[in-house]
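Here is a friendly walk through a protein model, told in questions and answers. Each answer sets a value beside a rule and then draws a conclusion.

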Amino acid sequence: MNTKTAYSRRHLLKRGVLASTALWSGRRILGANDDIRVAIIGLGGKGSSHVKQFSNLPGVRLVALCDVDPQRLAKQVKRVDGAHSQTDPRRILDRQDIDAVVIATPDHWHAPACIWACEAGKDVYVETPASHNLAEGERMVQAGRLWNRVIQTGMHQRSGAHFQSAIEFLRSGKLGPVNTAKAWIVHRRKSIGFKANAPIPKEVDYDMWLGPARKQPFNPNRFHANWHWFWDYGTGEIGNWGVHLLDIARWGLDVELPQ
């Protein structure tokens with residue numbers, strides 16, 4: 001941030017709140033005199049959860065919701081009075097009445113949506129993993145710096161008191177020298193089986209859903225939820241949950257990115 005730039009109180013509030021854990025705690029931001037206007041892009045499991053959380057958060061007003069699936073969109077719009085609905089994320093970012101966007105799309109859309117949001121002057125909360133690959137993550141950082149935006153991702157484990165106390169114990173030296181850390185996640189997920197290609201649901205903008213991914217026939221097994229397990233759109237369990245626990249291991253060892 002350029003410390004020589006004069007920021008209004010409202011501007012500082014808008015930019016600071018997304019970087020604060022208070023956003024998730026449900027506590028009122030002291031001194032707030034107006035609402036932070038938020039849009040949510042992507043209304044699957046995590047996105048619909050965000051609708052509920054932000055709807056009950058003092059100082060925040062949900063003004064727009066976006067999903068390429070009109071059925072999902074209609075379901076969530078009913079929960080938010082007066083929210084604008086849109087199936088095209090670009091039209092959301094064009095709006096001037098939005099201060100920040102929440103990106104809860106499939107992983108392959110995280111970087112493009114984040115970069116567009118920064119360019120449009122919005123601050124960003126993006127679900128984990130922050131990007132589909134490391135190169136995209138670097139571009140997101142560059143975009144945030146170029147347009148002077150706040151970007152936060154959902155690595156909220158570092159806010160947990162139990163993780164903090166463990167790191168404090170580790171730092172105290174009571175464990176002695178620590179040279180190795182292991183992280184694991186155990187989910188006994190059921191097989192998704194196999195499904196044949198099928199016609200594109202007539203109400204879904206499939207080209208928009210594919211976005212930067214390669215074009216291929218529609219398959220129900222690569223669409224809602226199960227996109228996680230296909231590299232074109234998701235990052236598997238290492239991106240879904242691994243990023244969280246690997247981050248704690250990295251924190252504990254006090255290391256940056258691997259060489």
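Q: What makes Arg91 count as partly exposed?
A: This is a predicted model, and in it Arg91 has a relative accessibility of 37%. Buried needs under 20% and exposed needs over 50%, so Arg91, at 37%, falls in between and counts as partly exposed.

Q: Why do we say that Arg91 and Asp88 meet in a salt bridge?
A: The cut-off is a side-chain nitrogen of Lys or Arg within 4 Å of a carboxyl oxygen of Asp or Glu. For Arg91 and Asp88 the N to O distance is 3.4 Å, so the pair passes. Asp88 also forms a salt bridge with Arg90, where the closest N and O atoms are 2.9 Å apart. Through shared partners, salt bridges join Asp88, Arg90, Arg91 and Asp94 into one network.

Q: Is Asp88 buried or exposed?
A: Its relative accessible area is 12%. That is under 20%, so Asp88 is buried. Its partner Arg90 has 38%, so Arg90 is called partly exposed.

Q: What does the salt bridge of Arg37 and Asp99 tie together?
A: The side chains of these two residues meet at 3.0 Å, N to O. Arg37 lies in strand S1 (residues 36–41), while Asp99 is in the loop between helix H5 (89–94) and strand S4 (100–103), so the pair ties together parts that are 62 residues apart in sequence. Asp99 has a relative accessibility of 5%, so it counts as buried. In the whole structure, the search finds 14 salt bridges.

Q: Why is S1 described as largely enclosed by the rest of the structure?
A: Six of the six residues of S1 are buried, so the description follows. Ile36, Val38 and Ile40 point one way from the strand, and Arg37, Ala39 and Ile41 point the other way.

Q: Which strand pairs with S1, and in what sense?
A: Strand S2 (residues 60–66) pairs with S1 in the parallel sense, over six bridges. Within this pairing, Val38 stands opposite Leu62 in S2.

Q: Why is the pair of Tyr206 and Trp209 called stacked?
A: Rings pair if their centres lie within 6.5 Å, and planes under 30 degrees apart count as stacked. Here the centres are 6.1 Å apart and the planes are at 10°, so the pair is stacked. Both residues lie in helix H9 (residues 206–210), three residues apart, or about one turn of the helix. Tyr206 has a relative accessible area of 6%, so it is buried. Trp209, with 5%, is buried too. Together with Phe218, Phe223 and Tyr233, these two form one aromatic cluster.

Q: Why do Cys118 and Cys114 not form a bond?
A: A disulfide needs two sulfur atoms within 2.5 Å. The sulfur of Cys118 is 4.4 Å from the one in Cys114, its closest cysteine sulfur, so the two are too far apart for a bond. The structure holds zero disulfides. Cys118 is buried, with a relative accessible area of 1%.

Q: Where is the pLDDT below 50?
A: The chain averages a pLDDT of 87, and 87% of the residues score at least 70. Over residues 1–32, however, the pLDDT is below 50. Where pLDDT is low, the predicted coordinates should not be read in detail.

Definitions and conventions:
Residues are numbered from 1 along each chain as its sequence is written. This is a predicted model: local features need pLDDT of at least 70, side-chain atom pairs count only at pLDDT 80 or more; totals for chains, interfaces and linings use all residues. Side-chain values use heavy atoms; hydrogens and water are left out. Helices (H or I, at least four residues) and strands (E, at least two) are DSSP runs, numbered from the N terminus. Buried means under 20% relative accessible area, exposed over 50%, partly exposed in between (1.4 Å probe, protein chains only). Rings of Phe, Tyr and Trp (its six-membered ring) pair if their centres lie within 6.5 Å; planes under 30 degrees apart count as stacked, over 60 as edge-to-face and the rest as tilted. pLDDT is the predictor's confidence in each residue, from 0 to 100. Contact means heavy atoms within 4.5 Å. Two strands pair if DSSP finds at least two bridges between them.
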